[in-house]
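Here is a small set of exercises to work through with the structure open beside you. Try each task on your own before you read its solution.

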Amino acid sequence: MRVVIQENYQNMCAWAAKHIADRINAHKENRPFVLGLPTGSSPIGVYQELVRMNKAGEVSFANVITFNMDEYLGLPHEHDQSYWYFMHDNFFDHLVDMKPENINILNGMAEDPEAECARYEEKIAACGGIDLFMGGIGVDGHLAFNEPFTSLTSRTGVRALTTDTRIVNSRFFGNDPEAVPAKALSVGIGTVTDSREVLVLINGHNKARALAATVEGAVSQKWTCSALQLHPNAIIACDEAACGELTVDSYKYFLDIEREERL
Ligand code: GLP
């Protein structure tokens, strides 16, 4: 696993956006590049930088298919806290050449949510699998909505959210945890780790415990993000603030080995 430590959030986002753009630009296969995407506050700076690069002609999304990680169960597209709304508001609507038909987001209003999840897995496979999955994690280490003790081989399905996650996410729902949907549709840990490359953003003091568990802890379903240790091409992009619980020797090791990546 690589851990690229940047001085602050802005540099973490700039590095991650360039990495994604480089991968899209280097894609030579005779099929579109398939990109997995997260929501949350962590990726917002990456989306802003990718939009800037797209408008400047530095990266095109004309040959990119996207699959989002998750969606709240029971929220329609037009709900301002649906992940469909978030993605269009923060990213897709600002790209000059993203094709709407290439955007895939789990339908939180599907009549049969399990069938919707099975359809999603089939569509990912039909597109040739995911080339690069960008993710973020929750303070409890959840990747997409795979809370602690979700199987590390899980596939896309319906997930119950923990009370802690509903409390954390209530900042977007008028600070009312009860207003946060209790369930979500989410790709599985296995869906993410099947991707050819995984890039996870971890920033801020409140993620320090999760970063240490991801990088230094045992591979365990208690910290679902720790599954990334078994992936051949996993990268954590983080800021200094998130490194507070790493041991000093790990911190120094990653700064040393990734010194050319430091912005
Ligand atoms: C939500 C999403 C996750 C995201 C997490 C962290 O729970 N389902 O995919 O990674 O929030 O969000 P933030 O980046 O705002 O800390």
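## Exercise 1: Buried or exposed?

Glu58 has a relative accessible area of 37%, so Glu58 counts as partly exposed. Keep in mind throughout that this is a predicted model.

**Task.** Find the salt-bridge partner of Glu58, and sort that partner, Arg52, by its relative accessibility.

**Solution.**
- Step 1: Look for the partner. Glu58 forms a salt bridge with Arg52, and the closest N and O atoms are 3.5 Å apart.
- Step 2: Recall the cut-offs. Buried means under 20%, exposed means over 50%, and partly exposed lies in between.
- Step 3: Apply them. Arg52 has 40% relative accessibility, so Arg52 counts as partly exposed.

## Exercise 2: Place the strands in the sheet

**Task.** Write down the order of the strands in the open sheet of seven strands, and name its edge strands.

**Solution.**
- Step 1: Follow the sheet across. The order is β1-β10-β9-β6-β2-β3-β5, and the pairing is parallel.
- Step 2: Look at the two ends. β1 (2-6) and β5 (103-104) are the edge strands, and each of them pairs on one side only.
- Step 3: Check one pairing in the sheet. Strand β2 (residues 33-37) and β6 run parallel and are joined by two bridges. Here Gly36 stands opposite Phe133 in β6.

## Exercise 3: Get to know strand β9

**Task.** Describe how strand β9 (residues 197-202) is covered, and find how many bridges join β9 to β6 and to β10.

**Solution.**
- Step 1: Count the buried residues. Six of the six residues of β9 are buried.
- Step 2: Separate the two faces. Glu197, Leu199 and Leu201 lie on one side, Val198, Val200 and Ile202 lie on the other, and all of them are buried.
- Step 3: Turn to β6 (residues 132-136). This strand pairs with β9 in the parallel sense over five bridges. Gly135 stands opposite Val200 in β9.
- Step 4: Turn to β10 (residues 234-239). Five bridges join this strand to β9, and the two run parallel. Cys238 in β10 is the bridge partner of Ile202.
- Step 5: Add the helix. Together, β9, helix α7 (residues 208-215) and β10 make a right-handed β-α-β unit.

## Exercise 4: Follow the salt bridges

**Task.** Find the salt-bridge partner of Glu197, and list the residues linked with Glu29 in a network of salt bridges.

**Solution.**
- Step 1: Start with the total. The whole structure holds 14 salt bridges.
- Step 2: Pick out Glu197. Its side chain meets that of Arg23 in a salt bridge, at 2.7 Å from N to O. This pair links distant parts of the chain, with Arg23 in helix α1 (residues 9-26), Glu197 in strand β9, and their positions 174 residues apart.
- Step 3: Compare with the cut-offs. Glu197 has a relative accessible area of 8%, so Glu197 is buried. Arg23 has 34%, so Arg23 is partly exposed.
- Step 4: Move on to Glu29. The side chains of Glu29 and Arg31 meet in a salt bridge (3.3 Å, N to O). Arg31 is buried at 18%, whereas Glu29 is partly exposed at 48%.
- Step 5: Extend the picture. Glu29, Arg31, Asp131 and Arg196 are linked in a network of salt bridges.

## Exercise 5: Look around the ligand

**Task.** Which residues are closest to the ligand, and how much of its accessible area does the protein cover?

**Solution.**
- Step 1: List the surroundings. The ligand is surrounded by 13 residues, and the closest are Ser41, Ser42, Asp70, His142 and Lys207.
- Step 2: Check a side-chain contact. An N or O atom in the side chain of Asp70 is 2.8 Å from a nitrogen atom of the ligand.
- Step 3: Check the backbone contacts. A polar backbone atom of Gly136 is 3.2 Å from an oxygen atom of the ligand. For Ile137, a backbone N or O atom lies 3.4 Å from an oxygen atom of the ligand.
- Step 4: Read off the cover. On its own the ligand has 390 Å² of accessible area, and the protein covers 95% of this.

## Exercise 6: One residue in a loop

**Task.** Is Thr224 buried or exposed, and which backbone oxygen lies 3.3 Å from a polar atom of its side chain?

**Solution.**
- Step 1: Locate the residue. Thr224 lies in the loop between α7 and β10.
- Step 2: Use the accessibility. Thr224 has 0% relative accessibility, so Thr224 counts as buried.
- Step 3: Find the contact. The backbone oxygen belongs to Gly141.

Conventions:
Residues numbered from 1 in each chain as written. Predicted model: local features only at pLDDT ≥ 70, side-chain atom pairs only at ≥ 80, totals over all residues. Heavy atoms only, no water. Buried < 20%, exposed > 50% of the residue type's maximum accessible area, 1.4 Å probe, protein only. Helix = DSSP H or I, 4+ residues; strand = E, 2+ residues; numbered from the N terminus. Pairing = 2+ DSSP bridges. Right-handed = clockwise from strand over helix to strand, strands pointing away. Salt bridge = Lys/Arg side-chain N within 4 Å of Asp/Glu carboxyl O. Near = heavy atom within 4 Å. Polar contact = N/O pair within 3.5 Å; in protein donor to acceptor, adjacent residues only side chain to side chain. Areas by Shrake-Rupley, 256 points an atom, 1.4 Å probe, with all protein chains shown as cover.
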